[in-house]
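Let's walk through this chain together, starting from one small detail and working outwards. Keep the structure open beside you as you read.

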Amino acid sequence: MEYLEALKSREKLKDSPWPDVRERSDALIKSSTLRLRQMGLSRTQINAMTSESVDPTNLLLSETGGSVWVYAQIYEYEAGTVKAGQTMEVTSLAFPGRNLKGRVVAVDTVLDPETRTLRARGEIQNPEGLLKPEMFVDTVIHVDLGRKLALPEEALIDTGTRQFVFVQKSPGKFEPRPVKVGRKTEEYYEILSGLKEGEEVVTSGNFLIDSESRLKAALSQTGAGGAHQH
């Protein structure tokens with residue numbers, strides 16, 4: 001790796017009588033360190049690379065019995081939830097039914113301007129050498145969000161500018177209620193405001209389709225829906 005090579009070079013040149021040579025060596029180490037920091041590695045992790053027990057080749061190449069690095073793209077809205085130490089699971093169409101596990105080691109600190117994603121680097125156990133360099137895989141990162149009030153995805157009505165649910169007030173009687181939702185996980189939305197634990201909401205598809213049409217029509221007439229003409 002560039003960082004390790006830079007360290008070796010500085011060690012060889014530490015007694016050089018030429019100051020500019022030593023300065024270039026130090027500059028190379030600084031630039032290598034900066035790139036590693038942008039990749040999400042902490043200073044402790046970077047310093048650990050100098051350990052004799054760490055062999056970067058084993059992480060870059062799929063040697064049987066070792067580990068490999070897997071890079072997962074994290075969307076911008078997920079950036080605040082993925083952290084080093086979390087469990088990462090990897091699957092591939094190349095070996096159906098197999099689930100390889102490891103952990104997130106680092107998360108990039110610089111967003112890719114084209115894809116609007118960050119890279120999460122995981123160290124995955126690869127005992128049989130199944131994972132190969134440049135292979136595409138599916139990754140799942142387990143994130144503990146704690147205890148949250150959640151709403152089924154099918155219960156939410158999104159008008160484009162506002163979000164509503166229909167809350168049951170009494171048997172057969174419902175009212176629209178504006179809500180604010182947070183993160184989406186699988187088939188549920190996190191509720192930030194608008195609902196209390198124990199309140200019943202409508203999830204029936206036919207009811208919601210009809211209610212959404214009437215709700216959008218009412219909001220459009222009052223101007224609350226943000227409707228406009230081109």
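Start with Asp 158, which sits opposite Gln 163 in β8. Asp 158 belongs to a pairing in which 2 bridges connect β7 with strand β8 (residues 163-170), the two running antiparallel. Step back a little and you'll see an open sheet of 3 strands, ordered β7-β8-β9, with antiparallel pairing. Its edges are β7 (157-158) and β9 (173-178), each of which pairs on one side only.

Before going further, a word about what you're looking at: this is a predicted model. The chain's mean pLDDT is 76, and 64% of its residues reach 70 or more. So where does the confidence sit? Among the elements of the chain, strand β2 (residues 87-91) has the highest mean pLDDT, at 94, while helix α4 (residues 56-60) has the lowest, at 46. Two stretches deserve some caution. Over residues 52-60 pLDDT stays under 50, and the model has 13 contacts there beyond four places in sequence. Over residues 225-230 pLDDT also stays under 50, with 3 such contacts in the model. Where pLDDT is low, the predicted coordinates shouldn't be read in detail.

Now for the overall picture. The chain has 5 helices and 11 strands. Of its 230 residues, 31% are buried. About 15,300 Å² of the chain is exposed, and carbon and sulfur atoms supply 51% of that area. If you take the contacts between residues at least 6 apart in sequence, 59% of them join residues at least 24 apart.

Let's pick a spot in strand β2, namely Glu 89. Is Glu 89 buried or exposed? With a relative accessible area of 17%, Glu 89 is buried, because the cut-off for buried is under 20%. What does its side chain do there? The Glu 89 side chain makes a polar contact with the side chain of Asn 99, at 3.0 Å. Setting aside neighbours within four places in sequence, Glu 89 is in contact with Asn 99, Leu 100, Lys 101, Asp 138, Thr 139, Val 140 and His 142.

Charged side chains are worth a tour of their own. Side chains of opposite charge can pair when their charged atoms come close. How many salt bridges does the structure hold? There are 10 salt bridges in the structure.

Take Arg 119 and Asp 108, which form a salt bridge whose closest N and O atoms are 3.2 Å apart. Arg 119 is in strand β4 and Asp 108 is in the loop between β3 and β4, so this pair ties together parts that are 11 residues apart in sequence. The two ends have their own surroundings: Arg 119 is partly exposed at 33% relative accessible area, whereas Asp 108 is buried at 13%.

Another salt bridge joins Glu 197 to Arg 147, with the closest N and O atoms 3.5 Å apart. This pair links distant parts of the chain, 50 residues apart: Glu 197 is in the loop between β11 (188-193) and α5 (205-222), and Arg 147 is in the loop between β5 and β6 (150-152). Glu 197 is exposed, with 66% relative accessible area, and Arg 147 is exposed too, with 75%.

That brings us back to the sheet where we started. The side chains of Arg 177 and Glu 199 meet in a salt bridge of 3.1 Å, N to O. Arg 177 lies in strand β9 and Glu 199 in the loop between β11 and α5, so the pair ties together parts that are 22 residues apart in sequence. Arg 177 is buried, with a relative accessible area of 15%, while Glu 199 counts as partly exposed at 30%. Salt bridges that share partners join Lys 169, Glu 175, Arg 177 and Glu 199 into one network.

Finally, have a look at two backbone angles. Arg 116 has a phi near 55 degrees, a positive value in a residue other than glycine. You'll find Arg 116 in the loop between β3 (100-107) and β4 (117-126), where Arg 116 is partly exposed, with a relative accessible area of 40%. Glu 134 isn't a glycine either, yet its phi is positive at about 70 degrees. Glu 134 sits in the loop between β4 and β5 (138-141), and at 77% relative accessibility Glu 134 counts as exposed.

Terms used
Residues numbered from 1 in each chain as written. Predicted model: local features only at pLDDT ≥ 70, side-chain atom pairs only at ≥ 80, totals over all residues. Heavy atoms only, no water. pLDDT = per-residue confidence, 0-100. Helix = DSSP H or I, 4+ residues; strand = E, 2+ residues; numbered from the N terminus. Contact = heavy atoms within 4.5 Å. Buried < 20%, exposed > 50% of the residue type's maximum accessible area, 1.4 Å probe, protein only. Areas by Shrake-Rupley, 256 points an atom, 1.4 Å probe, with all protein chains shown as cover. Pairing = 2+ DSSP bridges. Polar contact = N/O pair within 3.5 Å; in protein donor to acceptor, adjacent residues only side chain to side chain. Salt bridge = Lys/Arg side-chain N within 4 Å of Asp/Glu carboxyl O.
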